[in-house]
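Please look over the sequence and the model below before reading on. The paragraphs after it go from the overall fold to single residues.

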Amino acid sequence: MLKPLKIRLPAEKVWLTADNHFRHNRPWIIEVRGFKTIEEHDETLISRWNETVSDDGVVLMLGDFCLMSTETDFW
């Protein structure tokens with residue numbers, strides 16, 4: 001049976017996100033979002049993430065994180 005996730009942090013430290021599509025080099029991802037390259041897309045998302053989420057924040061990734069990458073690509 002599934003149990004609810006209990007996060008004991010103030011709401012401003014908890015972030016939900018989905019469909020980041022890092023490294024997903026498809027026109028329907030990058031062009032629709034206003035980028036010319038997937039590198040520009042990824043760098044912008046990472047920069048905005050780092051500007052918004054504090055070091056002690058918690059991010060819950062709800063799906064479609066990246067394409068054809070390994071765990072070490074994001075450490």
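What follows describes a predicted model, starting with the whole chain and ending with a few residues in one loop.

The protein has 2 helices and 2 strands, and along the sequence these elements come in the order β-α-α-β. Its radius of gyration is 14 Å, well over the 11 Å that the globule rule gives for 75 residues, so the protein is more spread out than a compact globule. Measured out along the principal axes, the box filled by the C-alpha atoms is roughly 40 × 30 × 25 Å.

Burial and surface can be read alongside these dimensions. Of the 75 residues, 17% count as buried. The exposed area comes to about 6,200 Å², and 56% of that area is supplied by carbon and sulfur atoms. Contacts across the chain are also part of the picture: among those between residues at least 6 apart in sequence, 59% join residues at least 24 apart.

Next come the charges. The protein carries 9 positive and 13 negative side chains, and the centres of these two sets lie 8 Å apart. Side chains of opposite charge can pair when their charged atoms come close. How many salt bridges does the structure hold? There is 1 salt bridge, and it is formed by Lys13 and Asp56, with 2.9 Å between the closest N and O atoms. This pair links distant parts of the chain, 43 residues apart: Lys13 belongs to the segment before strand 1 (14–17), while Asp56 is in the loop between helix 2 (38–52) and strand 2 (58–61). Lys13 has a relative accessibility of 23% and therefore counts as partly exposed. Asp56 is also partly exposed, because its relative accessible area is 45%, and the limits for that class are 20% and 50%.

A second link across the chain involves Gly63 and Asn20. Gly63 lies in the segment after strand 2, and Asn20 is found in the loop between strand 1 and helix 1 (27–30). These two residues are 43 residues apart in sequence, and their C-alpha atoms are 8.1 Å apart in space. Leaving aside residues up to four places away in sequence, Gly63 touches Thr17, Ala18, Asp19 and Asn20.

Is Asn20 buried or exposed? Asn20 is buried, because its relative accessible area is 7%, under the 20% cut-off. With residues up to four places away in sequence again not counted, Asn20 touches Arg33, His41, Leu45, Trp49, Met61, Gly63, Asp64 and Phe65. Gly63, at 22% relative accessibility, counts as partly exposed.

The loop that holds Asn20 has two further residues to examine, this time for their backbone angles. Most residues other than glycine have a negative phi. Which value does phi take in His21? Phi of His21 is near 55 degrees, a positive value in a residue other than glycine. His21 lies in the loop between strand 1 and helix 1 and is buried, with a relative accessible area of 10%. Arg23 is placed in the loop between strand 1 and helix 1 as well. Phi of Arg23 is near 60 degrees, again positive in a residue other than glycine. With a relative accessibility of 39%, Arg23 counts as partly exposed, whereas His21 is buried.

Technical notes. Residues numbered from 1 in each chain as written. Predicted model: local features only at pLDDT ≥ 70, side-chain atom pairs only at ≥ 80, totals over all residues. Heavy atoms only, no water. Helix = DSSP H or I, 4+ residues; strand = E, 2+ residues; numbered from the N terminus. Rg over C-alpha atoms; globule rule 2.2 N^0.38 Å. Buried < 20%, exposed > 50% of the residue type's maximum accessible area, 1.4 Å probe, protein only. Contact = heavy atoms within 4.5 Å. Areas by Shrake-Rupley, 256 points an atom, 1.4 Å probe, with all protein chains shown as cover. Lys, Arg positive; Asp, Glu negative; His and termini not counted. Charge placed at Lys NZ, Arg CZ, Asp CG, Glu CD. Salt bridge = Lys/Arg side-chain N within 4 Å of Asp/Glu carboxyl O.
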